[in-house]
Amino acid sequence: MLTALDLNSGNVKWEKELSSKDAPMLSAEHYGVIVADEKNFNLFDAESGEIKWTAKKLDGVVVDMGNDHGIAVGEKGKYLTVLDKHTGEEKWSEKIKGIQIDQLTGAGIMYRNEDGSIGLFGFDGKPLWDGKNMIKGETVLRAKPGMDREIFYADGKVYLVDLISGDKKVIVDDIKFQ
């Protein structure tokens, strides 16, 4: 049973019976509730509880990318798919082995691939860092000195990443530990 409550009064706004055998993945957003079970990926209207749309079977981490950028889903460790939050239609999808959504930035969505390298897709689905331009290898150390930047240590280099623009630069090129 999916139950929506009015947070001001505590009263039940609506309830919907779900046909899932397992506990579904839920994500509540201001525009609705995303419910993903073994068969469907639905968006329920926040006010009425009616299904606004159903998308093809998706599973994985769900991230609302804000504004009209869409809803990102890291599918089965194989695809990064972005849906239009109003219609449920696929906006774009990229095949990436071992995909894990890392974080949302001001420039797009940061992800990790199967070897732990970090990449970045813009909100439009175009890669900002991919292939040779990724932060390569398993990231050993990460630090956020502010909400707008992050420092990564990977593969003997230290990178400074602007989380607003997506710009990254190597600030220390060759670190040797004794």
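**Figure 1. Surroundings of N113 in the loop between β12 (108-112) and β13 (118-122)**. In this predicted model, the loop that joins strand β12 to strand β13 holds N113. N113 counts as buried because its relative accessibility is 17%, and the cut-off for that class is under 20%. The side chain of N113 reaches the backbone nitrogen of D115 at a distance of 3.1 Å. When residues up to four places away in sequence are left out, the residues touched by N113 are I96, K97, G98 and M134.

**Figure 2. The aromatic pair of W14 and F44**. By the ring-pair rule, the count of aromatic pairs comes to four. The ring centres of W14 and F44 are 6.2 Å apart and their planes lie at 20°, so this pair is stacked; planes under 30 degrees apart fall in that class. Because W14 belongs to strand β2 (residues 12-16) and F44 to strand β5 (residues 41-45), the pair ties together parts of the chain that are 30 residues apart in sequence. W14 counts as buried at 6% relative accessibility, and F44 counts as buried at 5%.

**Figure 3. The aromatic pair of F41 and W53**. F41 and W53 form a stacked aromatic pair, with 6.3 Å from centre to centre and 20° between the planes. F41 lies in strand β5 and W53 in strand β6 (residues 51-55), so the pair ties together parts that are twelve residues apart in sequence. With a relative accessible area of 0%, F41 is buried, and W53 also counts as buried, at 4% relative accessibility.

**Figure 4. A ring cluster and a charge placed over a ring**. W92, Y111 and F121 are linked into a cluster by ring pairs. In a separate panel, the charged end of K168 sits over the ring of W129, at 5.4 Å from the centre of that ring.

**Figure 5. Polar contacts and neighbours of E150 in strand β16 (residues 149-154)**. E150 counts as buried because its relative accessibility is 4%. The side chain of E150 makes a polar contact with the side chain of Q103 at 2.6 Å, and it makes another with the side chain of R142 at 2.8 Å. Leaving aside residues up to four places away in sequence, E150 touches both of these partners, Q103 and R142, together with A143, K144, P145, Y159, L160, V161 and L163.

**Figure 6. V158 in strand β17 (residues 157-162) and the residues that it touches**. At 12% relative accessibility, V158 counts as buried. The residues touched by V158, again without those up to four places away in sequence, include I151, F152 and Y153 as well as K169, V170, I171, V172 and I175. For one of these residues, V172, the C-alpha atom is separated from that of V158 by 5.0 Å, although the two are 14 residues apart along the chain.

**Figure 7. The largest pocket and its lining**. The largest pocket has a volume of about 230 Å³. It is lined by 13 residues, of which A4, L5, L7, K13 and A46 are the closest to its centre. Strands β1, β2, β3 (25-29) and β4 (32-36) each supply at least two residues of this lining.

**Figure 8. G10 in the loop between β1 (2-5) and β2, with the whole chain for context**. G10 is partly exposed, its relative accessible area being 47%. G10 and G106 are 96 residues apart along the chain, and their C-alpha atoms are separated by 35 Å. Taken along the principal axes, the C-alpha atoms of the chain fill a box of roughly 60 × 35 × 30 Å. The chain has zero helices and 18 strands, and buried residues make up 43% of its 178 residues. Among the contacts with a separation of 6 or more, 24% are accounted for by residues 24 or more positions apart.

Conventions. Residues numbered from 1 in each chain as written. Predicted model: local features only at pLDDT ≥ 70, side-chain atom pairs only at ≥ 80, totals over all residues. Heavy atoms only, no water. Helix = DSSP H or I, 4+ residues; strand = E, 2+ residues; numbered from the N terminus. Buried < 20%, exposed > 50% of the residue type's maximum accessible area, 1.4 Å probe, protein only. Polar contact = N/O pair within 3.5 Å; in protein donor to acceptor, adjacent residues only side chain to side chain. Contact = heavy atoms within 4.5 Å. Phe/Tyr/Trp six-rings, centres within 6.5 Å; stacked < 30°, edge-to-face > 60°. Lys NZ or Arg CZ within 6 Å of the ring centre and 35° of its normal. 1 Å grid on protein atoms, 1.4 Å probe; cavity = no way out; pocket = protein on both sides within 12 Å on 5 of 7 lines; lining within 4 Å. Points joined across faces, edges and corners; volume = space filled by probe spheres on them.
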